[in-house]
Amino acid sequence: MALFAVTYQYTDNPSGRDLHRPEHVAFLAAQYEARRLIVSGPTDGGAGALLILAGATADDVEGLLDADPFCREGLIARRTVTAWKPFFGADRLELSEAAR
């Protein structure tokens, strides 16, 4: 599996995000436990997020993230999925053997 850097830019609907955040967090936690999600967190004061995921292809990662409740509920205005191969610091990431 390869690594992919994903960015989310959220819509201007904080109440919608608040409503669906528990399900979104549960979705991400499940991906973390499955070792698909390597690391994630908010960006720009909560206006977006950065996620690093393991996947076979960009399409694979996009398909996975289509099931994110924030995506399903139309709370993501823009999503990018970019193949990423870390150089410096790669040894510090807790990667599954498949993602190395």
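Which helix and strands each supply at least two residues of the lining of the largest pocket? The tour ends at the answer, and begins with the sheet.

The model is predicted, so local features need pLDDT of at least 70 and side-chain atom pairs count only at pLDDT 80 or more, while totals for chains, interfaces and linings use all residues. Residues are numbered from 1 along each chain as its sequence is written, and side-chain values use heavy atoms, with hydrogens and water left out.

**The sheet**

Select residues 2-10, which form strand β1, and then residues 48-55, strand β3, which pairs with β1 in the antiparallel sense over eight bridges. Helices (H or I, at least four residues) and strands (E, at least two) are DSSP runs, numbered from the N terminus, and two strands pair if DSSP finds at least two bridges between them. Within this pairing, Val-6 has Leu-51 of β3 as its bridge partner.

Add strand β4, residues 76-84, which runs antiparallel to β1 and is joined to it by eight bridges; here Phe-4 has Ala-83 as its bridge partner in β4. Strand β2 and β3, also antiparallel, are joined by six bridges, and Leu-37 has Leu-53 of β3 as its partner.

With these strands selected, you can follow an open sheet of four strands in the order β2-β3-β1-β4, with antiparallel pairing. The edge strands are β2 (37-43) and β4, each of which pairs on one side only. In a regular strand the side chains alternate between the two faces of the sheet.

**The helices**

Next select residues 14-33, helix α1, which lies across β1, β2 and β3 and runs at about 155° to β2. Such angles run from 0 to 180 degrees between N-to-C directions, and the axes are lines fitted to C-alpha atoms, for helices over the stretch in contact, where contact means heavy atoms within 4.5 Å. Then select residues 58-65, helix α2, which packs on the sheet and touches β1, β3 and β4, its direction making about 125° with that of β3.

**The largest pocket**

Finally, select Tyr-10, Arg-21, His-24, Pro-42 and Ala-49, which lie nearest the centre of the largest pocket among its 16 lining residues. A pocket is an open set of points on a 1 Å grid over the protein atoms alone, where a 1.4 Å probe fits, with protein on both sides within 12 Å along at least five of seven lines, and lining residues have an atom within 4 Å of a point.

The answer to the opening question is that β1, α1, β2 and β3 each supply at least two residues of this lining, and the largest share, five residues, comes from α1.
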